[in-house]
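Subject: Structure for you, with notes on the ligand site

Hello,

Here is the structure I promised to pass on. Please open it alongside this note, and I will walk you through what turned up.

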Amino acid sequence: MIDILASPDLVALRAADVITEGLVSLCGGTLGLATGATMLQIYARLVDRFRSGTISFCEVTFFNLDEYIGIPRTATGSFRTFMHRCFFDLVDVDPARAHLPDGMSSDVSSEALRYEALIRASGGIDLQLLGIGSNGHIGFNEPGSDFGSRTREVLLTEATRVANAPYFAKGAEVPHRAVTMGIGTILESRKILLIATGKHKAEAISAALSGPLSTACPASALRRHPNVHIICDAAAASHIVGCVAVQTQ
Ligand code: GLP
């Protein structure tokens, strides 16, 4: 299912609706979280709903997709810092249920296995929120990632490091390595919500939907999942073959 909306604001509202409906119907449940600029407005809308009493997050278990390796969890650019600043500290999240991979672990392979086991022990992910990189990456699964890959250490491409540089004082501080849920891990989520806004995502969205099913575009693996809901703005949808209709609300 694809919703194409006129603006990033409408995308964020629709995404917040889907997340809220999903969590309310589950009376909690397990939500997979993503980072990145695309997510900021979505978290802001979820915070609005918490403040208006529409939703509580205290019974929800959270698993973030990824974290950098080698920077402290309190570092400005860490994904844990991002999540606390934009969401966790602004709602009633139970800190014991807010999980990210530990990028400071001295044994990343064991940490990856621990993270996978924790997801399984929580009953799996009900709804996984996903952004997309301009090169088609999901989580930090860069082009070339196997569709069956599990949580593991990965090397980031220069393009991805440059895209994430605004979260660091200097571009050179962006770590080269990260630990990410694998594509296989992501595909085990019961439902996936993929969000894309902006012209710079148009090629990746088009490749994901109608390009070859190939590790060259990690997001193309989502076509193997039976329950993916894509919400894009008109700019991100502009290269989709056959896309003529734009919903405006
Ligand atoms: C990072 C994250 C991805 C996210 C991507 C897009 O690389 N690891 O999960 O989808 O950024 O971010 P943005 O929304 O800033 O374009």
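How many residues surround the ligand, and which are the closest? There are 14 around the ligand, and the closest are Ala-37, Thr-38, Asp-66, His-137 and Lys-201. A residue counts here if one of its heavy atoms lies within 4 Å of the ligand.

Before the details, a word on the source. This is a predicted model, in which local features need pLDDT of at least 70, side-chain atom pairs count only at pLDDT 80 or more, and totals for chains, interfaces and linings use all residues. Residues are numbered from 1 along each chain as its sequence is written, and side-chain values use heavy atoms, with hydrogens and water left out.

**The ligand**

By class, 5 nonpolar, 7 polar and 2 charged residues make up the shell around the ligand. (Ala, Val, Leu, Ile, Met, Phe, Trp, Tyr, Cys and Pro count as nonpolar, Asp, Glu, Lys and Arg as charged, and the others, Gly among them, as polar.) Oxygen atoms of the ligand come up three times: a polar side-chain atom of Thr-38 lies 2.4 Å from one, a polar backbone atom of Ala-37 is 2.8 Å from one, and a backbone N or O atom of Ile-132 is 3.3 Å from one. On its own the ligand has 390 Å² of accessible area, and the protein covers 91% of that (Shrake-Rupley method, 1.4 Å probe).

**His-137**

You will find His-137 in the loop between β6 (127-130) and β7 (152-155); strands are DSSP runs of E with at least two residues, and helices are runs of H or I with at least four, numbered from the N terminus. His-137 has a relative accessible area of 11%, so it is buried (under 20%; exposed is over 50% and partly exposed in between, with a 1.4 Å probe and protein chains only). Its side chain makes polar contacts with those of Glu-142, at 3.4 Å, and Thr-160, at 3.3 Å. A polar contact is a pair of N or O atoms within 3.5 Å; within protein, one must be able to donate a hydrogen and the other to accept it, and residues adjacent in sequence count only if both atoms are side-chain atoms.

**Two other loop residues**

Ser-105 lies between β5 (98-99) and α4 (108-121) and is partly exposed, at 22%. A polar side-chain atom of Ser-105 is 3.0 Å from the backbone nitrogen of Asp-107.

Cys-27, between α1 (8-26) and β2 (30-33), has a positive phi of about 55 degrees although it is not a glycine. Cys-27 is exposed, at 66%.

Best wishes
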